[in-house]
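Work through the exercises below with the sequence and the model open. Try each task before reading its solution.

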Amino acid sequence: MKKPRYLGKTVKGAVQHLDPVPAPAGIDQVTLTTDEVVALGPVNLQPDFYAVRIEYQPDAWLIESKSLKLWLRGFHDREVYAEQLAVDIRDEVARTIKPAWCRVTTVQKPRGGIGIETVSSYRRG
């Protein structure tokens, strides 16, 4: 069994990948939410603020929540369009825990009167 790399440790800054932890039997769905994600707009390099919702049906692994917080912190210095943010999160979740399915929803706080909501889904085939 893999041991979480960040749980119980002081970590300064972002991390490169999520940590998986074993999933107990009987979990139908996990939902993780945050409204504290910041990324740089690639055109004007101004911070964009996001709410993120990650829903998934685990197989053998769950996302360790501290690693998620630290990994999402890495977007603070990345230039990314709102739509790509949802895809990047979905890809990391799918690669790390290989869920039966996952759905990532990002909601960019309105700037200039326009908000952007993006949904990116994955289903194991």
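**Exercise 1. A serine in a strand**

Is S120 buried or exposed? Place the residue in its element and list its partners.

Solution. The model is predicted.
- Step 1: find the element. S120 sits in strand β6, which spans residues 114-123.
- Step 2: check the accessibility. The relative accessible area of S120 is 5%. The cut-off for buried is under 20%. S120 is therefore buried.
- Step 3: look for polar partners. The side chain of S120 makes a polar contact with the side chain of R90, at 3.0 Å.
- Step 4: list the surroundings. Leaving out residues up to four places away in sequence, S120 touches A86, V87, R90, C102, R103 and V104.

**Exercise 2. The overall fold**

Which order do the elements of the protein chain follow from the N terminus? Then judge how compact the chain is.

Solution.
- Step 1: count the elements. The protein chain has 2 helices and 6 strands.
- Step 2: read them in order. From the N terminus, the run is β-β-β-β-α-α-β-β.
- Step 3: compare the radius of gyration with the globule rule. The value for the chain is 15 Å, and the rule gives 14 Å for 125 residues. These are close, so the chain is as compact as a globular protein of that length.
- Step 4: take the box. Along the principal axes, the C-alpha atoms fill roughly 45 × 35 × 20 Å.
- Step 5: check burial and contact range. Of the 125 residues, 42% count as buried. Take the contacts between residues at least 6 apart in sequence: 65% of them join residues at least 24 apart.

**Exercise 3. Surface and charge**

How many positive and negative side chains does the protein chain have? Describe the exposed area as well.

Solution.
- Step 1: count the charges. There are 18 positive and 15 negative side chains.
- Step 2: locate the two sets. Their centres lie 6 Å apart.
- Step 3: turn to the surface. The chain exposes about 7300 Å², and carbon and sulfur atoms supply 51% of this area.

**Exercise 4. Helix α1 and its cover**

Which residues of helix α1 are buried? Find what covers them, then inspect the start of the helix.

Solution.
- Step 1: scan residues 65-73. S67, L68, L70, W71 and L72 are buried.
- Step 2: identify the cover. It includes strands β2 (30-40), β3 (47-57) and β4 (61-63), along with helix α2 (82-97).
- Step 3: go to the helix start. A side-chain oxygen of E64 comes within 3.0 Å of the backbone nitrogen of K66.

**Exercise 5. Two buried residues in contact**

Where is F75 found? Follow its contacts to L85.

Solution.
- Step 1: place F75. It belongs to the loop between α1 and α2.
- Step 2: check burial. F75 has a relative accessible area of 1%, so it is buried.
- Step 3: list its contacts beyond four places in sequence. F75 touches V38, A39, L40, V80, L85, D88 and I89.
- Step 4: move to L85. This residue is in helix α2. L85 is buried, at 0% relative accessible area.
- Step 5: list the contacts of L85 in the same way. They are V37, Y50, F75, V80 and T106. F75 appears here, and L85 appears in the list for F75.
- Step 6: take a C-alpha distance. L85 and V104 are 19 residues apart in sequence and 9.5 Å apart in space.

**Exercise 6. Strand β4 and two loops**

What does L62 touch? Then examine the backbone at K98 and L45.

Solution.
- Step 1: place L62. It lies in strand β4 and is buried, with a relative accessible area of 16%.
- Step 2: list its contacts beyond four places in sequence. L62 touches D19, P20, V21, P22, A23, P24, V30, Y56 and I97.
- Step 3: step across to K98. L62 and K98 are 36 residues apart in sequence, with C-alpha atoms 9.2 Å apart.
- Step 4: place K98 and read its phi. K98 lies in the loop between α2 and β5 (101-111). Its phi is near 50°, a positive value in a residue other than glycine.
- Step 5: repeat for L45. This residue is in the loop between β2 and β3. Phi of L45 is near 60°, again positive in a non-glycine residue.
- Step 6: check accessibility. L45 is at 45%, so it counts as partly exposed.

How values were computed. Residues numbered from 1 in each chain as written. Predicted model: local features only at pLDDT ≥ 70, side-chain atom pairs only at ≥ 80, totals over all residues. Heavy atoms only, no water. Helix = DSSP H or I, 4+ residues; strand = E, 2+ residues; numbered from the N terminus. Rg over C-alpha atoms; globule rule 2.2 N^0.38 Å. Buried < 20%, exposed > 50% of the residue type's maximum accessible area, 1.4 Å probe, protein only. Contact = heavy atoms within 4.5 Å. Areas by Shrake-Rupley, 256 points an atom, 1.4 Å probe, with all protein chains shown as cover. Lys, Arg positive; Asp, Glu negative; His and termini not counted. Charge placed at Lys NZ, Arg CZ, Asp CG, Glu CD. Polar contact = N/O pair within 3.5 Å; in protein donor to acceptor, adjacent residues only side chain to side chain.
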